[in-house]
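Biologist: I would like to learn how to read a helical model feature by feature, with the general idea given before the particular case. Could we work through one together?

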Amino acid sequence: MAQEFDPAKFLPLFKSEAEECLEKLNKGLLSLENNPDDPEQIKALFREAHTLKGSAKMMGIDEINQISHRIEDIFVNLQEKKMKFSSNLANRIFKALDIIRVIIDKIIRNEKIDIDLSEIYQELQGVTTKEKVSDMEAEAELLSPLLPKKEPYRFEEYIRV
């Protein structure tokens with residue numbers, strides 16, 4: 001007969017692995033700030049975020065799973081050159097990593113996770129969309145002298161009689 005999975009038995013192992021991932025993510029982000037176009041560093045950071053996400057999912061810790069997933073998405077976009085690394089981006093990720101640490105500490109102490117995560121979710125989600133939009137706007141500015149000038153479209157009101 002198969003035994004039921006008890007996450008509590010694996011909590012010390014999860015904590016140890018998560019702390020190792022968080023440490024590597026912190027150091028990797030600092031390294032990336034010095035060399036933002038290093039594809040190997042971006043790939044290594046993606047792997048750490050992916051590992052953290054998978055471990056959290058296995059343990060049933062949705063908060064860490066969701067934050068890690070958003071961080072992972074950022075690294076995918078960096079790998080695919082859909083966005084550029086910046087200090088602002090690094091600060092948002094550092095903030096998310098700090099929140100993950102707080103969540104882990106609360107879980108270890110068997111405390112309720114009473115943190116409003118909507119702000120960090122939005123910040124991390126906003127990074128991917130905002131950075132992409134700013135890149136598209138910059139590209140449009142470069143192309144604008146080449147495009148013919150158009151009158152802005154005006155809405156006119158009509159009253160049907």
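Modeller: What follows is a walk through the helices, their buried faces and a few single residues.

Modeller: Two remarks on conventions come before that. This is a predicted model, in which local features need pLDDT of at least 70 and side-chain atom pairs count only at pLDDT 80 or more, while totals for chains, interfaces and linings use all residues. Residues are numbered from 1 along each chain as its sequence is written, and side-chain values use heavy atoms, with hydrogens and water left out.

Biologist: Which elements, and how many, does the protein chain contain?

Modeller: Helices (H or I, at least four residues) and strands (E, at least two) are taken as DSSP runs and numbered from the N terminus. In the protein chain this gives five helices and zero strands, so that the order from the N terminus on reads α-α-α-α-α.

Biologist: How should I read burial, and what share of the protein chain is buried?

Modeller: A residue is called buried under 20% relative accessible area, exposed over 50%, and partly exposed in between, with a 1.4 Å probe and protein chains only. Of the 161 residues in the protein chain, 34% are buried. As for contacts, which are heavy atoms within 4.5 Å, residues 24 or more positions apart account for 72% of those with a separation of 6 or more.

Biologist: Which residues touch the most other members of the largest nonpolar core?

Modeller: A nonpolar core is a set of buried Ala, Val, Leu, Ile, Met, Phe, Trp, Tyr and Cys residues joined through side-chain atoms within 4.5 Å. The largest one here has 38 residues, and F14, I64, I67, I71, F75 and I100 touch the most other members. The elements that give two or more residues to this core are α1 (7-34), α2 (39-59), α3 (62-79), α4 (87-108) and α5 (118-143), with α4 giving the most, 11 residues. To take one of the central names, I71 touches A49, I93, A96, L97, I100 and L124, when residues up to four places away in sequence are not counted.

Biologist: Why does the span of α2 agree with what its residues should give?

Modeller: The expected span of a helix is 1.5 Å times one less than its number of residues. For the 21 residues of α2 this comes to 30 Å, and the end C-alpha atoms are 30 Å apart, which agrees. In α1, 28 residues should span 40 Å and the end C-alpha atoms are 39 Å apart, which also agrees; in α3, the 18 residues should span 26 Å, and the ends lie 25 Å apart, again in agreement.

Biologist: Where does α1 bend?

Modeller: The bend at a residue is the angle between axes fitted to the seven residues ending there and the seven starting there. By that reading, α1 bends by about 35° at L13. Its buried residues include F14, C21, L25 and L32, and what covers the buried residues of α1 includes α2, α3 and α4.

Biologist: Which residues of α2 are buried, and which are exposed on the other side?

Modeller: The buried ones are Q41, I42, L45, E48, A49, L52, K53, S55, A56 and M59. Taking the arc as that of the directions from the helix axis to the C-beta atoms, they cover only 165° around the axis, which puts them on the same side of α2. On the other side, P39, K57 and M58 are exposed. The buried residues of α2 pack against α1, α3 and α4.

Biologist: What is found at the two ends of α2?

Modeller: At its start, a side-chain oxygen of D38 reaches to within 3.1 Å of the backbone nitrogen of E40. After α2 comes G60, whose phi is positive, near 80°.

Biologist: Could we finish with single residues: is L32 buried or exposed, and what of K84?

Modeller: L32, in helix α1, is buried, with a relative accessible area of 0%, and touches D38, Q41, I42, L45 and F85, not counting residues up to four places away in sequence. K84, in the loop between α3 and α4, counts as exposed at 61% relative accessibility. The C-alpha atoms of K84 and D37, 47 residues apart along the chain, are separated by 8.4 Å.

Definitions and conventions:
A polar contact is a pair of N or O atoms within 3.5 Å; within protein, one must be able to donate a hydrogen and the other to accept it, and residues adjacent in sequence count only if both atoms are side-chain atoms.
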